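Colleague: Could you take one part of this model and go through it slowly, in a way that a first-year student could follow? Please begin with a single pairing and then work outwards from there.

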Amino acid sequence: MKPTELRRQIRRRKRWDVIFTVVGIVALMIGVLTFAALFADMAIKGVGRLDWDFFTSFPSRRPGQAGILSAWVGSTLVMVVTAVVAVPLGIAAGVYLEEYARKNWVTDLIEINITNLAGVPSIVYGLLALGLFVYQFGLGQSILSAGLTLALLILPVVIVATREAIRSIPQIIREGSYGCGATQWQTVRYHILPYSSAGILTGVIIGMARAIGETAPIITIGALTFIAFLPPSPLSAGPFDWLFSPFTVMPIQMFNWTSRPEAAFQVNAAAAGFVLVVMTLAMNGAAIYLRYRLRRNIKW
Amino acid sequence: MSAPDTLMKTELLMPQEKAVAAPAPKAEVDDLSFYYGDFKALKGISMPVYERKVTALIGPSGCGKSTFLRCFNRMHDLYPGNRYEGRIVLHPDDTDLLARGVDPIEVRMRIGMVFQKPNPFPKTIFENVAYGLRVRGESSRRRIEDKVEQALDDAALLDEVKDRMHEPAYNLSGGQQQRLCIARALATDPELLLFDEPTSALDPIATASIEELIHDLKQRVTILIVTHNMQQAARVSDFTAYMYLGEMVEFGVTDELFIKPKKKQTEDYITGRFG
C-alpha cells in the first residue's frame, strides 16, 4: 500500500472516532445540562429567600415567616439513625460475604437478591416499614422508624460497595498476612477493613445522599407534613427520647410547599430544594475528599 | 511411618558417598500428592529438606514447583476444593504439617514465606516487619522494636531504612521491598523459610543482593526456594530437586545434579534442550 493510500485509509477509519466523540459529548451534555438547568432554576428562584431566619423558623401559614428548622433537624437526625444502623450492618455483611462465606449456590442466591434489593422501589420499603417497624414493633411514626427504613433502603448499596472495595484488594496481600500466621479476623482487622475503607465510605455516602432525598417511604410510615416543634433534646429529656419523636424531613417540607397554591410558597420550596441539593453535593464532596485522603497511603 | 523407614528413604534419596556430609533433615516429604479439585497437580513426591541448607526446586513452568512449595505452609487451605495426600514431617517434633489436626496457622507461625512479587503491606516499614509479632499478641513496644531492628539487620536492609522506619513501605525500591518481606518473615524466627521465585520481579542488581542474603541466611534457617532460573539454583542452593509434570524427577546435591545428572530428563532440562 502506498503512503498516500495508507493515510487516506487511516483517515477513513478514524472517522468513527470523531463520530463517537460527538455522540458521547451529546449524551453527556443531556445529563449535565438538565441538572444544571434544574439547579440554576431552583437557585434563581430560591436563593433570595435564604437567610438566617429561614433555617431557624418553623413552617408557617404565612410564607414569609415559614422556615425549614423542623425539616433540616429531622433530616439530620434521621440520617444519623440511618448511618448508625446501615454502616455496621452493611460492612459486616459485605465482609462476611467476601472473606468468610463459602462460595456456593446459597451465596450466589444472596448476592443476586442483594443486587435486586438495590432496585426495589423505595415505596415498597415504606410499606414494609409501616407494617414492621411502625405497627409490629410499635416504634410509631418516629425518627427511629424513618431511620431504620432508610437504613434498609441503603443497606444493599453499602454491601455492594463494601464487597467491591474488598475485591479490589490483591490476593497477594491476604496471602502475605496469612503467611505471617495471622487468623482470618486479624487479616480482616489489619488489612481488609483499612484498605477498603475508602471504597466503603464512598458507598456509604452515596447511599446517604440517596436516602436524604427519599420522600415516598417516609410519607408511607407517616411523617408529619407540618410540625412546629423539635424533637426533645437528649440533654433536657431522656438521652434517646428524640428517637421516638414525630418529625418531618426536607423533601416532605418541599413537597408540602409545592402543593400550596400561593406563589410565595413555591419560592420557599425552591429555597428548600436548593438547600437539599447543596447538602447532597456536600456529602458527595466529602466522599471524594475522604476517598482521596484514605487512598493516598494505599498502593500495591 | 517408623523411624527406620525415614532413614531408609533418606538414604535412597541421598547418594551414599555424600551421606557422611549429609546434615539432619529439617523436614521430610513423604509420598505427597496434591489435588486442585480433580486435577492431580503433585504426584507422590518424596524428598528431604536439610537443616540450614538451601534446597532449590527447579523445573519448567507448570511443573508444580510453586504448588509444592505452598504445601509447606498450607497456603492451599485458603482456597476451596484443594486436597493433600501424604505427609510433610517437620523435625524435631515430627509434626505432620498436612495432618487434619494441625492448624494451618500453627504451620505458618513456624514456616515463613517470601512471595514472587514483593508484597509489603500498605503500612510503614516498621509496621510491616512488626506484623508477625503483632498477630502473635506481642505488646511490649521494646521487644517489638528490638525484633524489628534485628530482622531488618538480618535482611541487610537496616542501614538503608533506619532513618525512615515510619515511612510507607511502598516508597522503597523493588529489591528493598523484597528484603523487607524477608525481614517480615524473619522477625518471628521461622524454622523454615519458603521463597517462591523471590527475584523474578527484580532487576539483576537487586537479584544479586537477594541471592547473597539467602546465602547468609542459611547459617540460621532452613531454606526452600523455587526458581525458574537454573543459574540461580546453581548459585544459591546446596541441594536441588528437578520437577516435571508434578513429579519429582531427581533430587541431589546441587553440584552433582548440575554436573552429572542421573536422569536423561534432568540433563535435557539443565542443558537447555528442553524447558
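Modeller: In this predicted model, B:Ala241 stands opposite B:Phe251 in β10(B). The two strands concerned are β9 (residues 239–244) and β10 (residues 247–253) of chain B, which pair in the antiparallel sense over six bridges. Together β9(B) and β10(B) form a hairpin, with two residues between them, and B:Leu245, which sits in the turn, has a positive phi of about 50°.

From the hairpin we can turn to the helices of chain B, where α4(B) packs with helix α7 (residues 174–186) at an angle of about 35°, their axes lying 7 Å apart. On the side of α4(B) the contact is made by B:Ile125, B:Asn128, B:Val129, B:Tyr131 and B:Gly132, while α7(B) contributes B:Leu180, B:Ala183 and B:Arg184. Sorted by character, the residues of this contact divide into five nonpolar, two polar and one charged.

One residue of that helix contact, B:Ala183, leads on to the interior, for in the largest nonpolar core, which has 78 residues, B:Ile88 and B:Ala183 touch the most other members. If we leave aside residues up to four places away in sequence, B:Ile88 touches B:Ala27, B:Val29, B:Leu32, B:Cys71, B:Phe72, B:Asp96, B:Leu97 and B:Leu98. A second, separate core of 65 residues includes A:Ala71, A:Ile143, A:Leu155 and A:Trp257. As a general point, nonpolar side chains tend to be buried together in soluble globular proteins.

The helix α4(B) also takes us to the other chain, since α3 (104–110) and α4 (125–135) of chain B are the elements that give two or more residues to the side touching chain A. This contact between the chains takes 21 residues from chain B and 19 residues from chain A, and the residues on the side of chain B divide into 13 nonpolar, four polar and four charged.

Chain A itself has eleven helices and zero strands. Its radius of gyration is 24 Å, whereas a compact globule of 300 residues would have one near 19 Å, and its C-alpha trace spans about 80 × 60 × 35 Å along the principal axes. Of the 300 residues of chain A, 37% count as buried. Finally, among the contacts in chain A between residues at least 6 apart in sequence, 78% join residues at least 24 apart.

Notes. Residues are numbered from 1 along each chain as its sequence is written. Chains are lettered from A and ligands numbered from 1 in the order in which they are written. This is a predicted model: local features need pLDDT of at least 70, side-chain atom pairs count only at pLDDT 80 or more; totals for chains, interfaces and linings use all residues. Two residues are in contact if their C-beta atoms, placed from the backbone, lie within 7 Å. Helices (H or I, at least four residues) and strands (E, at least two) are DSSP runs, numbered from the N terminus. Ala, Val, Leu, Ile, Met, Phe, Trp, Tyr, Cys and Pro count as nonpolar, Asp, Glu, Lys and Arg as charged, and the others, Gly among them, as polar. A nonpolar core is a set of buried Ala, Val, Leu, Ile, Met, Phe, Trp, Tyr and Cys residues joined through C-beta atoms within 7 Å. A residue is buried if 20 or more other C-beta atoms lie within 10 Å of its own, exposed if 12 or fewer, and partly exposed in between; C-beta atoms are placed from the backbone. The radius of gyration is taken over C-alpha atoms; the globule rule is 2.2 Å times the number of residues to the power 0.38. Axes are lines fitted to C-alpha atoms, for helices over the stretch in contact, and angles run from 0 to 180 degrees between N-to-C directions. Two strands pair if DSSP finds at least two bridges between them.
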